[in-house]
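Please open the model in your viewer and keep the selection panel at hand. The tour below moves from one selection to the next and says what is to be found at each stop.

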Amino acid sequence: MSRSQWGSRLGFILAAAGSAIGLGAIWKFPYVAATNGGGAFLLIYLLICLSVGLALMLGEMALGRAAGSNAVGTFRQLGGKPWPIVGLVGVLVCFLIYSFYSVVGGWTIAYIGKSLTGSILTSDAKVLGDTFNAFITDPLQPLVFHGLFAGLTLAVVLGGVQKGIENLSKFLMPALFVLMLVLIVRGLTLPGAVDGLLYFLTPDLSKVTGTMLVDAMGLAFFSLSLGMGIMITYGSYVGRDTPLLGSSLWVIALTVLTCFLAGLMVLPAVFAFGFDPSAGPGLTFITMPAVFAQMAGGQLFAVLFFCLLLVAALTSSVSLLEVVVSAVMEELKMPRRKAAWLVTLAVFLLGIPASLSLGIWREYTLFGKGFFDLLDYLTSNLLMPLGEVLLALFVGWKVWPSVAAELSRHGKTPAWLGVMRGFCRYLAPVLILGILVHNL
Ligand code: TRP
């Protein structure tokens, strides 16, 4: 069977950036940065993305292209036993993340609807909080929207690599940037917005703490979609003549830029209205509507904002589904259509208890966490760091010669290769093990 390929280098970069740029960059980054001292967090986040983040992303893309296979097959071909387990963990984690990602993706669709009817356009924080809680704890509504979001993702993945994923990203990613710029201009022209701007841009190095480093690393890897086979899978669709360093630098630059823009979009507005910047998940669904309610033309901005979140979430969920689908297709010899439907059905079913655990199944907990929180904790804090350490060790120690050869395809050995090997061999495992131990 001949494998799919991206149609162009730009298409590849935008699809990979689309995977990276998601709820992590737009919804999580502003409030995590806000609770961690603003400017200092931004700086540390940047340093991690450009060092270990870059090394791991390049490593993943090189692995995928060298093997020309899915996440599991890549580890089998290049490393032999028992390494496919690392790919399998990645595929499993994508599956688990997708199940609750799709629930939140559904919320964004619902909030587009609520913006259109105007029902959330109030600055009464209590009303907004109650609306949000009533919605996510409702036994039926969030499930309908979860199904809708999973259906949209399925439609794209059924379209295949070029027609589905690449075309979607080529159209939606630029739209996302335009929308963000409009919202930033609106936010920055509010009276009082400057305080938020200063808070976000002035690094206060006394705010650098262990917890902050851990938060910054976790967010860096989550927002770059690293360690779970995404960039392996996307890298496997890349042509031989595409330079990987340039492509991964683009993906990282676009992701970091989006985080930066998201901070500029959310924080000045939040400060201008005197909201609590560390409101967590509420920052998006509770605080932002209050901001819109006090703006001229707020309804339009509200609709734009939630469309933007949906776009970002969709291009990410597509990558989560594609990793699982490509592994199922190739490992179990199944046609794309059947694999995509099966995985979507399974994800939909798994998302049901995740969603219900926020409402009517609230009492059922394990280790003090509901099912939704348990999925999030298990993947973000345990399985992802584990997968990343193993990936770094695999690239740095086990298959370094193949990776180095793949990255030296264009003429002589690049000078930065040694630095990258050092990052994969030593820096990444040590830093990430630090996260793991801290989380345990
Ligand atoms: N990076 C995406 C975001 O920021 C989420 C995501 C997509 C992801 N694929 C992933 C996270 C793989 C971890 C692993 O929203």
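Helices here are DSSP runs of H or I with at least four residues, numbered from the N terminus. This is a predicted model, in which local features need pLDDT of at least 70 and side-chain atom pairs count only at pLDDT 80 or more, while totals for chains, interfaces and linings use all residues. Residues are numbered from 1 along each chain as its sequence is written, and side-chain values use heavy atoms, with hydrogens and water left out.

Select the ligand, then the residues with a heavy atom within 4 Å of it. This shell holds 17 residues, the closest being Ala 20, Gly 24, Tyr 101, Phe 222 and Ser 225. Colour H1 (9-20), H2 (23-35), H5 (84-117), H10 (210-223) and H14 (298-331), each of which supplies at least two residues of the shell. With Ala, Val, Leu, Ile, Met, Phe, Trp, Tyr, Cys and Pro counted as nonpolar, Asp, Glu, Lys and Arg as charged, and the others, Gly among them, as polar, the shell divides into 10 nonpolar, 7 polar and no charged residues.

Next, show the polar contacts, which are pairs of N or O atoms within 3.5 Å. Polar backbone atoms of Leu 23 and Gly 24 lie 3.0 Å and 2.9 Å, respectively, from an oxygen atom of the ligand, whereas a polar backbone atom of Phe 222 lies 2.8 Å from a nitrogen atom of the ligand. Taken alone the ligand exposes 360 Å², and the protein buries 100% of that, by the Shrake-Rupley method with a 1.4 Å probe.

Now hide the ligand and consider the space that is left. On a 1 Å grid over the protein atoms alone, a cavity is a set of points where a 1.4 Å probe fits but cannot get out, and a pocket is an open set with protein on both sides within 12 Å along at least five of seven lines; lining residues have an atom within 4 Å of a point. The space taken by the ligand is the largest cavity.

For the largest pocket, select Lys 28, Tyr 31, Asp 376, Ser 380 and Asn 381, which lie nearest its centre among 34 lining residues. H16 gives the largest share of this lining, 9 residues, and by class the lining has 21 nonpolar, 7 polar and 6 charged residues.

Finish with two backbone details. Lys 81 and Pro 82 are joined by a cis peptide bond, with omega about 0°, and Lys 333, although not a glycine, has a positive phi of about 50°.

Terms used: Polar contact = N/O pair within 3.5 Å; in protein donor to acceptor, adjacent residues only side chain to side chain. Sits in = over half its atoms within 2 Å of the grid points.
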